[in-house]
Amino acid sequence: MTVDTNIINGKLFTPEGFLEGGISIERDRIIKVGKEPSLPKASTRIDAKGALILPGLIDIHVHFRDFEQKYKETMITGTRSAIAGGVTTVLDMPNNKPPTNTAQRVKTKKQIIQEKAAANIGFYSLIPENAKEIIPLFKEGIFGFKIYPASPIYPPKDNQKLLALLKSQAEYKIPLIVHPDNGYADRNEKLLLEKNMPVIDAFLRAHNQIDEAQALKDFIELSKTSKNSLHCSHVTAKKTVELIEKNQDNNNLSSEVCVHHLFLTESDLRKMKSKAKCLPPVRTQLDQTALWEALNRQVIKIIATDHAPHSYEEKHCEFEAAASGIHGLETMLPLMFTAAVKGKISFEKLIPALTVNPAQLMAIKNRGELKQGNFADVVVVAKEKGKINAENFESKAKWTPFDGREVLYTPKYVLVNGFLSKEDDYIISKANAGKILEREYDVVLQDKLIDDEE
Ligand SMILES: [Zn+2]
């Protein structure tokens, strides 16, 4: 038999660890993993030439900006940006304008990106204002509810009401994804500025580490009563790491670290100003060291980008007026793999944090591992010296605090559902092999979903 594609002559990362060999792909699936002589003949043969053959990266935290903020990014440009960075699956946050907080809005997003996604894409929702929306949102396959305590788009403000809502959906095990923030930071920042504190000091003081840890602590308490699973977005602080470690036995708690918090500190922020402005902010060296240690000790098991694109004007202006957020999809792989080869983390710990760990948390089935039967989402990562060049980004946001940084690895080939979507620096023009993903439930919960809606 002749299959569609063989990727050969590489160093595969499989659930059993690294092995020399290749994989065979037929349609959208991996049908064989092994040494080359054992693979069937293929119409297309990709020689990995000793490079790493890995599962495509899974990023559970991106902000594409469809609806009214398309000038910043769209699902089309965002998924192409993902492919350019070796990321084959993304989960899109709901703080759009207008916000994604109804089943209808999720449906609309799906209609917009249907057959146009370069990478696989799934969606989150905000907690809906109307509890009757919850079951329809589950039926649309959302992967979690995002909670922004600081934002006006975070209903409901009343914790008792929130608790009742959370309890009503706990058994579906949909993660509550918390941006750990106390909700008063903006007001505090204003007060500090009125007292003439320098702008960057006021920003850092208002969005401080103590409040981050306290906010997470409050949600851990809340979720103990509601029995929800809780995911802490972008951990930045040593104090937050300590809190997560103290709650290691709580199986309902998970967390992620973002790439920019692993590479930038407050002193970079003072130099780069608006370009490095993000929320939560980059922190001290002490905090950053704690984040690397947390990854290495697997206290934090997931790495994400928090890809948050903005327009040129929004990032090249006075600090106070600048938008918070950093492009992440096209820099994550080169930065993280370069850090790994320099000894910051082993490949054996790094790769799962970018692939199988996020897949397991979000119940993304049959992706995140190179094994027979899984979808053929693959990235071939070559050791190749280069420089990050923001001008070449596929994203609409063609700037990054990492512009010009030397990196040692690059995603050379990217396959999505078996379709070769990237080769060297080129995205295949018809790259639209991404699928719309929905959270899947076991049979009992599927039946319950039907009952609950009636
Ligand atoms: Zn975010």
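Val62 stands opposite Asp92 in strand β7, and this pair of residues offers a way into a model that is predicted. The two residues belong to a pairing in which 4 bridges join β6 to β7, the latter made of residues 87–92, with the two strands running parallel. Helix α1, residues 75–84, packs on the sheet and touches β6, β7 and β8, and its direction makes about 140° with that of β7.

The sheet itself is open and holds 3 strands in the order β6-β7-β8, with parallel pairing. Its edges are β6, residues 57–62, and β8, residues 120–123, each of which pairs on one side only. Between neighbouring strands of this sheet the average turn is 20°, when direction is ignored.

A second open sheet is built from 6 strands, which follow the order β9-β10-β11-β12-β13-β14 and again pair in parallel. Here the edge strands are β9, at 125–126, and β14, at 302–304, and each of them pairs on one side only. Within this sheet, strand β10, residues 145–147, and strand β11, residues 176–178, are paired in the parallel sense over 3 bridges, and Phe145 has Leu176 of β11 as its bridge partner.

Towards the beginning of the numbering, strand β1, which covers residues 2–14, takes part in several pairings. With strand β4, residues 41–47, β1 runs parallel and is joined by 6 bridges; in that pairing, the bridge partner of Val3 is Ala42. With strand β2, residues 17–26, β1 pairs in the antiparallel sense over 8 bridges, and a hairpin of 2 residues leads from β1 to β2. A further pairing links β1 to strand β5, residues 52–55, where the two strands run parallel and are joined by 2 bridges. Leu12 appears in two of these descriptions, since it stands opposite Leu19 in β2 and also opposite Ile53 in β5.The helices can be followed through one pair of them. Helix α5, residues 185–194, and helix α6, residues 199–206, have axes that come within 8 Å and cross at roughly 145°, and the crossing is right-handed. On the side of α5 the contact is made by Ala185, Asn188, Glu189, Leu192 and Leu193, while α6 contributes Val199, Ala202, Phe203, Arg205 and Ala206. Sorted by character, the residues of this contact between α5 and α6 divide into 7 nonpolar, 1 polar and 2 charged.

Further along the chain, Lys385 lies in strand β15, which covers residues 378–387. Is Lys385 buried or exposed? Lys385 counts as exposed because 10 other C-beta atoms lie within 10 Å, and the limit for an exposed residue is 12 or fewer. The C-alpha atom of Lys385 is separated by 9.6 Å from that of Thr338, although the two residues are 47 residues apart along the chain.

These parts can now be placed in the chain as a whole, which has 16 helices and 18 strands. Its C-alpha trace spans about 70 × 55 × 40 Å along the principal axes. For 454 residues a compact globule would have a radius of gyration near 22 Å, and the chain, with 21 Å, therefore agrees with that expectation. Of the 454 residues, 51% count as buried. Among the contacts in the chain with a separation of 6 or more, 73% come from residues 24 or more positions apart.

How values were computed: Residues numbered from 1 in each chain as written. Predicted model: local features only at pLDDT ≥ 70, side-chain atom pairs only at ≥ 80, totals over all residues. Pairing = 2+ DSSP bridges. Buried ≥ 20, exposed ≤ 12 C-beta atoms within 10 Å, placed from the backbone. Rg over C-alpha atoms; globule rule 2.2 N^0.38 Å. Contact = placed C-beta atoms within 7 Å. Axes fitted to C-alpha atoms, helices over the stretch in contact; angles between N-to-C directions. Left-handed = near helix turned anticlockwise from the far one by under 90°. Nonpolar A, V, L, I, M, F, W, Y, C, P; charged D, E, K, R; others polar.
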